[in-house]
Every structure is written in structure tokens, then in C-alpha cells.
Amino acid sequence: MQTLPAATAAASARATATARSAALRRVGLAAPALAALGCCLSATRATAAPASWSQPTKLSPCAASAGARAVFPRDKPTHGTGRGAVVWSAARSCPQGAGTLIATIGADDAPGRPAYALAHGGRRLALRPPLAVAAAPHGQLAIAGSGGSQGGGELVQGAAAGPFSRLGALAGATGTGTLFTAYLGDVGVASPIAGGLDHDGLELRIERYFAHALSPTITVAGKGGEIEAPTVSLDFRTDAILIWRQAGALYARDLPASGRTQPTQRLATADPAPRVSALISDDNRAMVAWADERAGHTAVYLDYSASGVRFGKPQLLERFANPSGLPYPASSPRLVRLSSESVMLAWTGAQDGHWVVRTAAIDLNGLRKISTISAPGTDSLLSDLQPGPDGEATALWGEPQRAADGTLELDSQALVAARGIDARPGVTIFGGPEQVAPAGPNSEATLAFDPDSDRALALWRSSGGMIDYAIRTPASR
């Protein structure tokens with residue numbers, strides 16, 4: 001191995017340190033943390049750093065039947081194309097009854113007064129949860145929910161303030177992976193086909209960023225039996241990867257935009273209700289991360305395909321007995337593409353009898369160094385991971401409190417977030433944890449970024465099922 005001259009090596013080291021120092025400032029870390037680049041920086045902190053988030057604010061006195069999701073329409077990670085909005089389902093106990101509520105997001109990224117979403121003609125939308133929400137082309141939002149004909153779902157689209165137009169019926173019920181927004185604003189929607197085994201399979205439709213309607217339906221044959229966890233991801237060219245669980249196994253199907261037929265690939269055996277996340281990239285590769293829970297034990301896997309989207313043997317990231325006997329969180333794992341085009345993975349793991357949050361970078365060499373970003377001695381359950389416009393991502397998690405008998409109380413947990421980057425080569429670096437909300441009955445927390453301001457908006461269900469929010473404004477961009 002060739003050795004650099006001392007002067008050259010020193011100059012190279014200074015340049016690397018300068019670049020990394022700038023990256024660290026973007027996530028709120030001081031320069032002395034450079035010495036710890038190879039490991040988890042935030043794990044050295046026993047408690048959350050002083051909050052840089054706004055105080056929790058109630059969005060509405062109307063209870064929600066499920067968690068809320070904020071969406072900012074965009075045509076690239078750094079450019080918004082329309083007003084953002086918070087979307088959730090009002091509970092039947094609300095004074096005006098159940099329905100889809102929308103709060104448009106103002107210039108300061110604070111949600112405004114919510115109103116029921118309306119179709120053209122003034123009819124209230126009758127979408128039922130679980131709702132899937134995504135950015136759509138032309139500055140609009142796409143919302144999918146149950147309540148369509150023959151037990152299926154419905155997809156509507158419109159500007160944040162409405163009204164919304166029916167974009168199409170969905171063959172089966174919706175789920176959290178139903179909708180996916182790609183780099184330019186393309187949106188894909190996947191759902192299982194309703195009916196018996198003679199109609200077994202899935203449907204995929206895509207709306208391109210330059211279009212105003214869904215593409216013709218792409219039908220994928222199933223393997224027999226109930227379909228679970230349908231998950232879709234699109235790349236820059238609108239090639240798609242479709243993942244689902246059926247007949248005791250997890251399956252993947254590559255769906256090139258060219259229409260070329262690809263085989264369905266069996267990834268691994270999987271118990272019911274797997275937690276799945278997927279990404280397909282422009283270099284004709286894809287990756288799938290999932291958590292498989294069996295009898296109080298969880299295994300977390302990653303399968304990173306070869307070129308041509310050819311999957312091999314999945315990589316076991318970790319296997320453990322669930323601490324305190326809690327079920328594995330439905331919001332983990334998470335795969336996201338950063339605005340820098342890097343890929344970051346986050347998931348809930350376990351260490352020394354505690355739940356922890358871990359992250360790792362993924363590049364052409366596969367999974368790189370794994371870091372634990374939650375504070376030691378706490379229990380942390382990943383809620384969300386979202387990319388921002390400056391090459392960074394923010395992880396959001398809950399910290400359930402321990403009762404006197406040592407059990408964890410999910411109805412009393414603090415919300416904590418940390419901001420991080422893929423520092424390269426192959427390491428994620430996160431700033432110290434920041435408290436978003438104090439301990440309380442907080443659940444179903446989600447996160448979104450405004451691509452224009454780089455503000456992060458966190459949402460969660462709090463006491464009585466109300467929706468609360470908090471905003472993080474970065475010091476600089």
C-alpha cells in the first residue's frame with residue numbers, strides 16, 4: 001500500500017476534517033465531536049439535549065381515530081410545488097362526526113385551522129382509516145383510504161385546500177405502504193386485489209410527474225392466500241419494486257418502466273404482519289428491510305439486490321427477545337433516500353435488555369457501520385425517519401417510561417428526535433437527542449420536512465386522541 005508524503009497526508013486530513021466539520025454543524029454537533037466520527041455520537045449523552053423544538057401545540061380539539069401525516073408537495077428534495085397539509089381521520093365523537101380532516105400549512109410551517117376534506121360539489125370525503133398520504137404531481141396531495149366500492153379503497157387528489165377529485169378505485173383495502181412519492185413527484189399506488197384465489201394478486205398504478213391521471217393498471221399475480229404489507233417504491237425513471245407478504249413468505253417483484261417482464265422473487269419466510277420498507281435506485285438495484293416477529297422474539301433483515309434487481313440471501317441485522325415483552329413497533333424499520341442520493345436505514349433494535357434506535361448507511365458495498373443513536377440506559381422505539389433538503393435526515397422515536405415494577409408504559413412516553421447525516425465513507429453521524437414532547441400518552445408520531453425552509457414538523461396523538469405538533473427550525477441552511 002502506497003504511503004502519502006507527510007505534507008500531503010496532513011493537507012488531506014485537514015480538508016477531510018473541514019468537510020466533516022461543516023457537515024457536523026448542519027446536524028448541530030460541536031467540532032470536538034470529530035474525534036468520535038467512527039461511532040455513535042449521541043449515545044454518549046445520558047439525557048436529551050435542550051429542546052430546539054417549539055412547545056407542543058394542539059392542532060384541534062377534535063379527537064383523531066388514527067395518527068396524522070404531514071405532506072409537502074415537491075418536484076425535488078429542495079423545491080416545494082404547493083402548500084403542505086396535515087391529514088388525519090376525525091373520530092366519530094367529534095362534534096361534526098367522522099371524516100377526513102385537513103389543515104393547510106402556513107408560511108411558518110404551522111398548521112392552520114382544520115376543515116373536513118371535500119370533493120367537488122361540496123360532498124364530504126368518506127375515506128376511512130388507515131389513510132395513506134403522499135405528495136402528488138402539480139403541487140397536489142394524494143390521499144388513499146378504505147371506503148371504496150366492494151370493500152376496496154379509494155384514491156383522491158387535489159390541492160391542500162381542496163376540493164379533491166376521485167383519481168381511481170383501489171382493488172383492496174389501503175395500508176401505510178399503499179402510496180409512495182418518487183424524486184420528481186411521481187406517485188405510485190399499490191393494493192391487493194379483492195376477492196377469492198381466482199382474483200389473487202396486486203395492482204400497481206403510477207401517476208407520472210407530467211401527467212394528470214394514473215397509468216394503466218399493472219397486475220402482479222400472487223401466491224395464494226391473504227396479502228399483507230404491500231409496499232411500493234419508485235426510482236427516478238419510475239421503475240418500481242413491489243413487496244408483499246403472502247403464504248408464509250415475503251415476495252418482491254421488479255417492475256421496470258419499460259414493461260419488461262421480471263419474475264417474482266421469494267425473499268424469505270415471514271410470519272404475519274411483517275414490518276417492511278423498500279427502496280429501488282437508478283443503478284438498477286433495490287433493497288428491502290423488514291422485521292419478522294415470532295413468539296416475542298424479533299429478527300431484523302436487509303436484502304440488498306445485485307444489479308438487475310436480483311435478490312440473494314438476506315442479511316440478518318440482529319435477533320433478540322423483545323425487551324419487557326412489548327410488541328415490535330409497526331413503524332420500524334425505515335429506509336430513506338437522502339437528497340444527496342445516499343441511502344440511510346434506521347430500525348429499532350435491542351441491547352442489554354433495552355430497546356434502542358440504530359442507523360446505518362447503505363452504499364454500493366452494502367450495509368456499512370451500524371451506530372446506536374438513542375441515549376444509553378433508556379428504552380427507545382423508532383417512530384419515523386425522514387430526509388430533509390440539505391442531505392440530512394431526522395429520526396423520531398418514543399421513550400416509554402418504566403413503572404415501579406420495571407415494566408414499560410407505552411401510555412407514558414417522551415418523544416425525542418435527532419438530526420444526522422451520511423458522513424461517508426459508510427458511517428452515519430447524528431447530533432444529540434432533542435426532546436420533542438415530555439412524557440405522556442404520546443403515540444403514532446410522524447415527521448415531515450418542508451423542502452423550502454428545512455423546518456421539520458412532528459405530529460403525534462396525545463391525551464384523548466388529540467393531534468399535537470411541534471416544529472424544529474434549523475439555525476442555518
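A salt bridge, as the term is used in this talk, is a side-chain nitrogen of Lys or Arg within 4 Å of a carboxyl oxygen of Asp or Glu. With that in hand, I can present the structure shown above, which is a predicted model. Under this criterion, R69, R334 and D384 are linked in a network of salt bridges. The total for the model comes to 20 salt bridges.

Allow me to take some individual pairs. The side chains of K58 and D468 meet in a salt bridge, with 3.0 Å from N to O. K58 belongs to strand β1, residues 57-58, and D468 to strand β35, residues 467-472, so this pair ties together parts that are 410 residues apart in sequence. As to their surroundings, D468 has 8% relative accessibility and counts as buried, whereas K58, at 47%, counts as partly exposed.

A further group is centred on R294. This arginine forms a salt bridge with D271, and the closest N and O atoms are 3.3 Å apart. D271 sits in the loop between β19 and β20, while R294 is part of strand β21, residues 286-294; the pair therefore ties together parts that are 23 residues apart in sequence. R294 also meets D292 in a salt bridge, here with 2.8 Å from N to O. How accessible are these residues: buried, partly exposed or exposed? D271 is partly exposed at 26% relative accessibility, and R294 is partly exposed at 36%. D292, with a relative accessible area of 4%, is buried.

I turn now to the strands. One open sheet consists of four strands in the order β16-β17-β18-β19, paired in the antiparallel sense. The edges are occupied by β16, residues 228-234, and by β19; each has a single partner strand, so one side of each is left without a neighbour in the sheet. On average, neighbouring strands of this sheet are turned by 20° against each other, direction ignored. Within the sheet, β18, residues 249-255, runs antiparallel to β19 and is joined to that strand by five bridges. One bridge places R253 opposite T264, its partner in β19.

The edge strand β16 deserves a second look, as A229 is found there. Phi of A229 is near 50°, a positive value in a residue other than glycine. At 25% relative accessibility, A229 counts as partly exposed. A295 also has a positive phi of about 50°, and it is not a glycine. A295 is placed in the loop between β21 and β22, and its relative accessible area of 79% makes it exposed.

Next, a hairpin. Strands β33 and β34 form one with six residues between them, and D454 in the turn has a positive phi of about 65°. The two strands pair in the antiparallel sense over five bridges, and the bridge partner of L447 in β34 is A458. Five of the seven residues of β33, which covers residues 443-449, are buried, so this strand is largely enclosed by the rest of the structure.

As background to the backbone geometry, most residues other than glycine have a negative phi, and most peptide bonds are trans. Where, then, do cis peptide bonds occur? One joins P129 and P130, with omega about 5°; P130 has its place in strand β8, residues 128-136. Another joins S332 and P333, again with omega about 5°, and P333 is found in the loop between β23 and β24.

Finally, I come to the internal space. How many cavities of 30 Å³ or more does the structure hold? It holds one, and the largest cavity has about 30 Å³ of space. Its lining is made up of A169, L170, A171, V189, S191, E203 and R205. Strands β11, β13 and β14 each supply at least two residues of that lining. By character, the lining residues of this cavity divide into four nonpolar, one polar and two charged.

The second largest pocket has about 360 Å³ of space. Its lining has 23 residues, and S281, D283, E341, S342 and V343 lie nearest its centre. Strand β26, residues 354-363, gives the most to this lining, with three residues. The lining of the second largest pocket comprises eleven nonpolar, three polar and nine charged residues.

Technical notes. Residues numbered from 1 in each chain as written. Predicted model: local features only at pLDDT ≥ 70, side-chain atom pairs only at ≥ 80, totals over all residues. Heavy atoms only, no water. Buried < 20%, exposed > 50% of the residue type's maximum accessible area, 1.4 Å probe, protein only. Pairing = 2+ DSSP bridges. Axes fitted to C-alpha atoms, helices over the stretch in contact; angles between N-to-C directions. 1 Å grid on protein atoms, 1.4 Å probe; cavity = no way out; pocket = protein on both sides within 12 Å on 5 of 7 lines; lining within 4 Å. Points joined across faces, edges and corners; volume = space filled by probe spheres on them. Nonpolar A, V, L, I, M, F, W, Y, C, P; charged D, E, K, R; others polar.
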